[in-house]
Amino acid sequence: MGTRGRPRHPDVLTPAEWQVVDAVRHGMRNREIAQRRGVSVDAVKFHVANAVRKLGLNRRAELRTWRGVPVDSSLRGQGGTEMVQLGAIGQIARLVSDIGTATEFYGGVLGLPHLYTFGDLAFFDCGGTRLFLRATDDRCEQSILYFRVADINVAYDELRERGVEFEAAPHLIHKHDDGVEEWMAFFPDPDGQLLAIMAQV
């Protein structure tokens, strides 16, 4: 006779449980996880409860510090004794009010290559650094993003033709002792947060 139900999964958690646990470890609440995954809040609670039970933990909060890795992850087996050295910045996050409007501005107007969109998240390539946009109702002042350009006057003219409204024309910010000049021009994104183009000449 054949066995009933699903076949046993070769990992400590099922793929659905891993997705929920990773979201919990990322700091997401159950309702947010449900919206992102397109499932009910009860389904998320079910997966969280199963994961907590299987891992021998006492409560959901302990998932945040649990160090487990899926059996098919490339991260398994890594971990040496060499000294940690930080590399280049891999990703910059920015809050936006509407992901569609922001995607059109950063991709269509500024011309950044769009990597992918997932729900209210969008990702762009910014010269090798990933720009991560997240839609939220929270409003707060954010850091200015400075985009390097080869010719600041050409970039200024082209972006103005695309509809970008600069606060002022490119201007000298600083002249170094070796004669190198720093030029910048600032403009807002659709949420009024500042961006800038910059060039060293």
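The paragraphs below lead through this predicted model, from its overall layout to its helices and then to its four-stranded sheet.

The chain contains five helices and eight strands, and along the sequence these elements follow the pattern α-α-α-β-α-β-β-β-β-α-β-β-β. Of its 201 residues, 33% count as buried. Among the contacts in the chain with a separation of 6 or more, 50% are accounted for by residues 24 or more positions apart.

A convenient place to begin is helix α2, which spans residues 30-37 and in which Asn30, Ile33, Ala34 and Arg36 are buried. These four residues lie on the same side of α2, because they cover an arc of only 165 degrees around the axis. Arg31 and Gln35, by contrast, are exposed on the other side of α2. The buried residues of α2 are covered by elements that include the helices α1 (15-25) and α3 (41-54), together with the strands β2 (114-118), β3 (121-126) and β4 (129-135). Just after α2 comes Gly38, which takes a positive phi of about 70 degrees.

Two of the helices that help to cover α2, namely α1 and α3, can also be considered as a pair. Two packed helices are described by the angle between their axes and the distance between the axes. For α1 and α3, the axes come within 9 Å and cross at roughly 90 degrees; since angles of 65 to 115 degrees count as roughly perpendicular, the two helices are therefore roughly perpendicular to each other. On the α1 side the contact is made by Ala16, Glu17, Val20, Val21 and Val24, and on the α3 side by Val44, His47, Val48, Asn50, Ala51 and Lys54. Sorted by class, this contact of α1 with α3 has seven nonpolar, two polar and two charged residues.

Further along the chain, four strands form an open sheet in the order β5-β8-β7-β6, with mixed pairing. Strands β5 and β6 (171-175) stand at the edges, and each has a single partner strand, so one side of each is left without a neighbour in the sheet. From one strand to the next, the twist averages 30 degrees.

The pairings can be followed across the sheet, starting from the β5 edge. Strand β5 (residues 145-148) runs parallel to β8 and is joined to β8 by four bridges, and here Tyr146 stands opposite Ala196 of β8. Strand β8 (residues 194-200) is mostly covered, with five of its seven residues buried. Between β8 and β7 (residues 181-188) there are seven bridges, and these two strands run antiparallel; Phe187 has Leu195 in β8 as its bridge partner. The same two strands, β7 and β8, form a hairpin with five residues between them, and in the turn Gly192 has a positive phi of about 85 degrees. At the other edge, β6 and β7 are joined by four bridges and run antiparallel, and the bridge partner of Lys175 is Glu181 in β7.

A helix also packs on this sheet: α5 (residues 152-161) touches β7 and β8, and its direction makes about 150 degrees with that of β8. Strand β8 thus takes part in several of the arrangements described here, being joined by bridges to β5 and to β7, and being touched by helix α5.

Technical notes
Residues are numbered from 1 along each chain as its sequence is written. This is a predicted model: local features need pLDDT of at least 70, side-chain atom pairs count only at pLDDT 80 or more; totals for chains, interfaces and linings use all residues. Side-chain values use heavy atoms; hydrogens and water are left out. Buried means under 20% relative accessible area, exposed over 50%, partly exposed in between (1.4 Å probe, protein chains only). Two strands pair if DSSP finds at least two bridges between them. The arc is that of the directions from the helix axis to the C-beta atoms. Contact means heavy atoms within 4.5 Å. Axes are lines fitted to C-alpha atoms, for helices over the stretch in contact, and angles run from 0 to 180 degrees between N-to-C directions. Angles under 35 degrees count as roughly parallel, over 145 as roughly antiparallel, 65 to 115 as roughly perpendicular and the rest as oblique. Ala, Val, Leu, Ile, Met, Phe, Trp, Tyr, Cys and Pro count as nonpolar, Asp, Glu, Lys and Arg as charged, and the others, Gly among them, as polar.
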